[in-house]
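User: Could you take a close look at how the aromatic rings pack inside this protein, and at what surrounds them? I'd like one connected answer rather than a list.

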Amino acid sequence: MGLKGAKPIALTMGEPAGIAPDITLKAWLSLKDKGSAGFFLIGDATLLKERAKALAPDVEIAPIHRAQEASKIFKAALPVLHRPLAQRPKPGQLAPANAAQVTGAIEAGVALALEGEVSAIVTNPIHKKTLYSAGFKHTGHTDYIASLVRERGLSAEPVMMLAAPGLRT
């Protein structure tokens, strides 16, 4: 079980044909036994199950309906707030038809954060050129998140930080 009263982190799906599913699986494998409230993916549970078969066959994927369910199952299974894709992508083959689902996962994460349902949002990598071809007008996630927050009448300035051992920029 996660920490009592702690809220999970919402992880956005990122580009489904890219490395985002792999990052998600590896993050769960690395963090599942750490005793935190954990995280859940906002994305396609079926796609993640397919990627898990290839990369980490022992990973259990558990669809959830609400953010609060994630902490209860995080140690045993990777929780996914299921949002089906428009088109099943193959790794490395971009599917512009999924652009609305990629941005929709970011929108859902922002909404959950503003409603106090999650402790934070972490975004998986997106493929901006694919999103631009579908009408995306932002420079990236950070700008898009700030825009979504401002749409709710709140103040937001996009700021990005990269942190690693010995480096903060």
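Analyst: "Buried" here means under 20% relative accessible area, exposed means over 50%, and partly exposed is in between (1.4 Å probe, protein chains only). Before the rings, a note on the model: it is predicted, so local features need pLDDT of at least 70 and side-chain atom pairs count only at pLDDT 80 or more, while totals for chains, interfaces and linings use all residues. Residues are numbered from 1 along each chain as its sequence is written, and side-chain values use heavy atoms, with hydrogens and water left out.

Let's start with Phe-74, which is buried at a relative accessible area of 2%. Trp-28 is buried too, with 3% relative accessibility. The structure holds 4 aromatic pairs (ring centres within 6.5 Å, using the six-membered ring of Trp; planes under 30 degrees apart are stacked, over 60 edge-to-face, the rest tilted). Trp-28 and Phe-74 make one of them: their ring centres sit 6.5 Å apart and their planes meet at 80°, so this pair is edge-to-face. Trp-28 belongs to helix α1, whereas Phe-74 is in the loop between α3 (69–73) and β4, so the pair ties together parts that are 46 residues apart in sequence. (Helices are DSSP runs of H or I with at least four residues, strands are E runs of at least two, and both are numbered from the N terminus.)

Phe-74 has another ring partner, Phe-39, and that pair is also edge-to-face, with 5.1 Å centre to centre and 65° between the planes. Because Phe-39 lies in strand β2 while Phe-74 is in the loop between α3 and β4, this pair ties together parts that are 35 residues apart in sequence. Phe-39 and Phe-74 are both buried. Put the ring pairs together and you get a cluster of Trp-28, Phe-39 and Phe-74.

Now for the nonpolar packing. The largest nonpolar core (buried Ala, Val, Leu, Ile, Met, Phe, Trp, Tyr and Cys joined through side-chain atoms within 4.5 Å) has 40 residues, and Phe-40, Ile-42, Val-59, Ile-61 and Leu-78 have the most contacts inside it. At least two residues of this core come from each of β1 (9–12), α1 (20–31), β2 (39–43), α2, β3 (61–64), β4 (78–82), α4 and α6. The biggest contributor is α4, with 7 residues.

For a feel of the packing, take Ile-61. Setting aside neighbours within four places in sequence, Ile-61 is in contact (heavy atoms within 4.5 Å) with Leu-25, Ala-45, Leu-48, Lys-49, Leu-78 and Val-80.

Leu-25 turns up again if you look at Arg-51, which sits in helix α2 (residues 45–55). With the same kind of neighbours left out, those within four places in sequence, Arg-51 touches Leu-25 along with Pro-21, Asp-22, Ala-56 and Pro-91. Charged or not, Arg-51 has 15% relative accessibility, so it counts as buried.

Finally, there's α6. Its buried residues are His-141, Asp-143, Tyr-144, Ala-146, Ser-147, Leu-148 and Val-149. Among the elements that cover the buried residues of α6 are α4 and β5. Just past the end of α6, Gly-153 takes a positive phi of about 85°.
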